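This report describes a protein model for a reader who has not met it before. Please keep the sequence and the structure in view while reading.

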Amino acid sequence: MTQDKTADSGIENEVSKGNKFQKPKGVHDILPDTHEYFTFVKKVVRHRCRQSGFRRISTPIFEFTDVFKRSIGNDTDIVSKEMYTFQDRKGRSLTLKPEGTAGVVRSYIEHNMQLLPQPVELYYIEPHFRYDRPQKGRFRQFWQFGFEMIGESDPALDAQLIHLAHLINEDLGVAELFKLQINSIGCMKKECRPRYMTDLKNFYFGKERSLCENCKGRTEKNPLRLLDCKEEDCVILAGLAPTLKDYLCPECKEYHEQLLDLLKALDIEYVENPSLVRGLDYYTKTVFEFWDRETGAQNAIGGGGRYDGLVEIMGGQPTPAVGFAAGIERIVDNMKREHIQVPRKDNLHVFVAQLGYEAKKKCLKLIQKLRDVGIKTVGALGKASIKAQLHLADRFQAPYTIIMGITEVRDNTAIIRDMKRGSQKIVSYDKVLDEMKKLIGEESLDTYSPGEVVY
Ligand SMILES: [Zn+2]
Ligand SMILES: [Zn+2]
């Protein structure tokens, strides 16, 4: 029933087949079997973030378009090609969030979070939207979790953030599949990145013809992006281009060396990657990504970096910050590929079958009592025969079935059937609950407590 089929085979613009609708291209249904993975990932993220003092934030699904234009940068792929932008009924331009940092920074400024103890540590688990070319593990609506540390600058913070991401990968069982790629893209001081950008533009001057179509327009507007193009000719040229590392100002250089030293101290394996620049304008100093060990950047599961200039660009006081984000669909894909099992919480304990109106009445009460003590129960409350209901119980894969018919109502009993063994016994109606608890075992009960609430 719940077999996932995420591969997209639809034809562009096809709304329906016959008179049946189908989902738009590039989005996917998260069916119950996959939700068990999503739930597990979210749980691990919440747990690790809480341990590290991060608190959860949710920003709106849409923001004013300028929030993204100003933060991510007009010349990036995201802003120029991938945003879902629309006008509301009053003609305001709004955009579905393509990434998480811009909204969090907007919120930090709007709510005066600079007055809180710094750094302010926030995490989110949210859907995001990009009009991207659909491919395996890449969707137009996708889930990301991410964390931001806003308000302080120190290599130790970058190291902690990377460590947090690494721990989450470990908990999810995918750490071995990915290797940390790291680079520094310097700062906005004249003698640092700007000097490099001038030399980089000069290097590409007159070489436009050798670049791919995508890159031809980038030499003036966004030459850093030329370095991480995957087209063969662009890769060759990028190999000959000057390296940012040789241009870093003394402060950026020392910052990066310290960060690498701290990563070593935390036993985090890394690769120094001088061509790693990330697709967003707002990064300064540290940038990093977790790459698939075998296939590389195409299948990165996440990345981040320091963005010391962004709060100011967004209208706040100059405030340093560092962040990370990862795609949940990709992680889940990898977990499935590696046959990583997550706790299955949806499996049923008991199926209740009944015959006759009086039995149905008693079963309704019994089902609620079973559920209240944490026994996951479904009942066949229709008019099917006992035989048909037992067949249904098999399909639900419940290990036990409780059967109540006319005889059991008269004798105030119920039959408990062990579905695997095919054996059954008759129990007094008042003892059913205790008997079931014993059979299922205290540790397997799905108890729920809302906790203590103060009014
Ligand atoms: Zn610098
Ligand atoms: Zn290119």
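Does Lys285 count as buried or exposed? With 26 C-beta neighbours inside 10 Å, Lys285 counts as buried, where a residue is called buried if 20 or more other C-beta atoms lie within 10 Å of its own, exposed if 12 or fewer, and partly exposed in between, with the C-beta atoms placed from the backbone.

This is a predicted model, in which local features need pLDDT of at least 70 and side-chain atom pairs count only at pLDDT 80 or more, while totals for chains, interfaces and linings use all residues. Residues are numbered from 1 along each chain as its sequence is written, and chains are lettered from A and ligands numbered from 1 in the order in which they are written.

**Overall layout**

The secondary structure of the protein comes to 16 helices and 18 strands; helices (H or I, at least four residues) and strands (E, at least two) are DSSP runs, numbered from the N terminus. The C-alpha trace spans about 95 × 55 × 50 Å along its principal axes, and of the 455 residues in the protein, 35% are buried. The protein is divided into domain 1 (17-192 + 248-337) and domain 2 (350-444), with bounds that come from an automatic or database domain assignment, and the C-alpha centres of these two domains lie 49 Å apart.

**The eight-stranded sheet**

An open sheet of eight strands follows the order S3-S7-S8-S13-S12-S11-S9-S10, with mixed pairing, where two strands pair if DSSP finds at least two bridges between them. Its edge strands, each pairing on one side only, are strand S3 (55-56) and strand S10 (270-272). The antiparallel pairs described here are set out below.

| Strand pair | Bridges | Bridge partners |
|---|---|---|
| S7 and S8 | 10 | Tyr123 and Phe147 |
| S8 and S13 | seven | Gln144 and Gly327 |
| S12 and S13 | five | Gly303 and Ala325 |

Strand S13 is largely enclosed by the rest of the structure, because seven of its seven residues are buried. Both faces of S13 are covered, with Ala321, Gly323, Ala325 and Gly327 buried on one side and Val322, Phe324 and Ala326 buried on the other. In a regular strand the side chains alternate between the two faces of the sheet.

Helices also meet this sheet. Helix H10 (residues 250-265) lies across strand S9 (178-184), S10 and S11, and runs at about 35 degrees to S11; axes are lines fitted to C-alpha atoms, for helices over the stretch in contact, and angles run from 0 to 180 degrees between N-to-C directions. In helix H12 (residues 328-337), the residues Ile328, Glu329, Arg330, Ile331, Val332 and Asn334 are buried, and the buried residues of H12 pack against helix H1 (32-51), strand S8 (141-150) and strand S13 (321-327).

**Nonpolar cores**

The largest nonpolar core, meaning a set of buried Ala, Val, Leu, Ile, Met, Phe, Trp, Tyr and Cys residues joined through C-beta atoms within 7 Å, has 79 residues, and those with the most contacts inside it are Val41, Tyr123, Phe147, Leu161 and Ile331. Helix H5 (residues 155-171) gives the largest share of this core, seven residues. Leaving aside its neighbours within four places in sequence, Leu161 is in contact with Phe147, Met149, Gly304, Val322 and Phe324, a contact being two residues whose C-beta atoms, placed from the backbone, lie within 7 Å. Apart from the largest core lies another, of 23 residues, among them Val350, Leu366, Ala398 and Met436.

**Backbone details**

Most residues other than glycine have a negative phi, and most peptide bonds are trans. Lys285, in strand S11 (residues 284-292), is not a glycine yet has a positive phi of about 55 degrees. Asn412 also has a positive phi of about 55 degrees without being a glycine; the place of Asn412 is in the loop between helix H15 (406-411) and strand S17 (413-418), and Asn412 is exposed, with 10 other C-beta atoms within 10 Å. Just after H12, His339 takes a positive phi of about 55 degrees. A cis peptide bond, with omega about -5 degrees, joins Gln118 and Pro119, and Pro119 belongs to the loop between helix H4 (101-110) and strand S7 (120-129).
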